[in-house]
Amino acid sequence: MAALFLLLLAVVTPAQAIEPGDLTLTVTPDLPGGAQPYAREMVLLRLRGVYRTQILLEEMRQPALVNFSWTQLGRDHWGRTRLPDGQMALEFERTIAVFPQHTGTFTIDPFIHRLTINDGGERKQIDVRSEPVPFPVAAWTGAGGGPDAPEPWWLPARDVSITDSWDPDPETLNKGDTARRIVTLEAQGMLAEGLPPRPVMRTRGIITFAGPVKRETLITPSGPVARATYQWDIKKGVSEVIPLDAIKIPWFDTLTRTQREAEIPARQIGGGLADREEDLKPAAPASWPALAAAALAAFGLGLALIGFRTGSARLRLDRGQARRLRLAAAAGDAAAFRAALGRAAQAQPDLAALWRSEPDLARDLAALDRTVFGQTAESEAPLDLPDLARRLARPRRLGPSAALAPEPRLAPLDGPVAQA
């Protein structure tokens, strides 16, 4: 696409001799608040070239970037820009996210943009070089932690979020039962290899089997988003209720330059309805007078409901459908999520109609379709599947007017029926 744009520009732009200042390339680090970064913190390099000439071909030669990890954010952008003297010129833009690996003072060597140009009617190859960029990386001066400390794990990010899901709910477990826990950690402004290892989940009374860790990096225009999915199978080994403590994950907020904490929430294993002894005892037989009174009350209630039809119904996903949505969301599998959602909507059309009536939910369902079918715009933020699964699983009320609305009927094939 860029080559076609340059070719078209070469056709419509008149050839002229190259003068000093006609070809410039700059590299500017985008530092949050102007502060020096710490090791492994993301810094955006903004490359900008302004070229007042015809360009036939182009090739960007990047320096080795020793002591840095890096990734390019999206495609190069070519356009037109107006110069201070009123003339038009070609504008080239590229954004690269770099991550210094150590503390110290480094230099980003020049980028070289090799251009094939039309110089006064003559085809010529010329290298446009940027200036070297000093790149100091600050030493950590905060209280505890930091890039060089073995503990806790150094996690510099713009934002961190945690999603925790269980199947089945841990409070329903009895002795010998097993549940799967999936925790998804997402950090904005990081690469996946910078996320911490799987946390240790251990307490008295459970047996834990750790599953594989899945890591991925999503590239967005504002920077990479790192995601790690941790998995455990947890077996309850005792009959008592087991408290599972919260796990705190410290991280450094690169926007506010402060230390913060994310948390894998505390949960309780056992202690639900299935574990309560009083619920397991057989009910005492009721006396004949009590049964007769209950039957009479039920009959009267039935007559009242038939006569008045008041109140509203509550609709919600059944447990199996909600579970399939949670698992697909935790795995980040938008296609599987969409398939499970389609089956749920087919099984419960009234509930699906309520989803579509909520503007925010309808908007996110449309975004899900764009994601699955490859129609997402580059500027569109990634869809939060775990949050969408939670919102879909909430119970909803079907109001009296909706419950009593008559079903639409087809008109007679031979036209309206004549009234007698």
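**Helix packing and nonpolar cores in a predicted model**

In this predicted model, helix 4 (residues 319-330) and helix 8 (residues 385-393) pack at an angle of about 170 degrees, with their axes 8 Å apart. Helix 4 is therefore roughly antiparallel to helix 8, a term for angles over 145 degrees. The contact (heavy atoms within 4.5 Å) brings Ala322, Leu325, Arg326 and Ala329 of helix 4 against Leu385, Pro386, Ala389, Leu392 and Ala393 of helix 8. Of these residues, 8 are nonpolar, 1 is charged and none is polar.

The largest nonpolar core, a set of buried Ala, Val, Leu, Ile, Met, Phe, Trp, Tyr and Cys residues joined through side-chain atoms within 4.5 Å, has 27 residues, of which Leu155, Val160, Met190, Leu195, Tyr230, Ile234 and Ile269 touch the most other members. Buried here means under 20% relative accessible area, and exposed over 50% (1.4 Å probe, protein chains only). Strand 16 gives the largest share of this core, 5 residues. A second, separate core of 26 residues includes Met60, Phe106, Val133 and Phe135.

In helix 6 (residues 349-357), Leu351, Ala352, Leu354 and Trp355 are buried. These four lie on the same side of helix 6, because they cover an arc of only 155 degrees around the axis, taken from the directions from the helix axis to the C-beta atoms. Arg356 and Ser357, on the other side of helix 6, are exposed.

Residues are numbered from 1 along each chain as its sequence is written, and side-chain values use heavy atoms, with hydrogens and water left out. Local features need pLDDT of at least 70 and side-chain atom pairs count only at pLDDT 80 or more, whereas totals for chains, interfaces and linings use all residues.

Technical notes:
Axes fitted to C-alpha atoms, helices over the stretch in contact; angles between N-to-C directions. Helix = DSSP H or I, 4+ residues; strand = E, 2+ residues; numbered from the N terminus. Parallel < 35°, antiparallel > 145°, perpendicular 65-115°, else oblique. Nonpolar A, V, L, I, M, F, W, Y, C, P; charged D, E, K, R; others polar.
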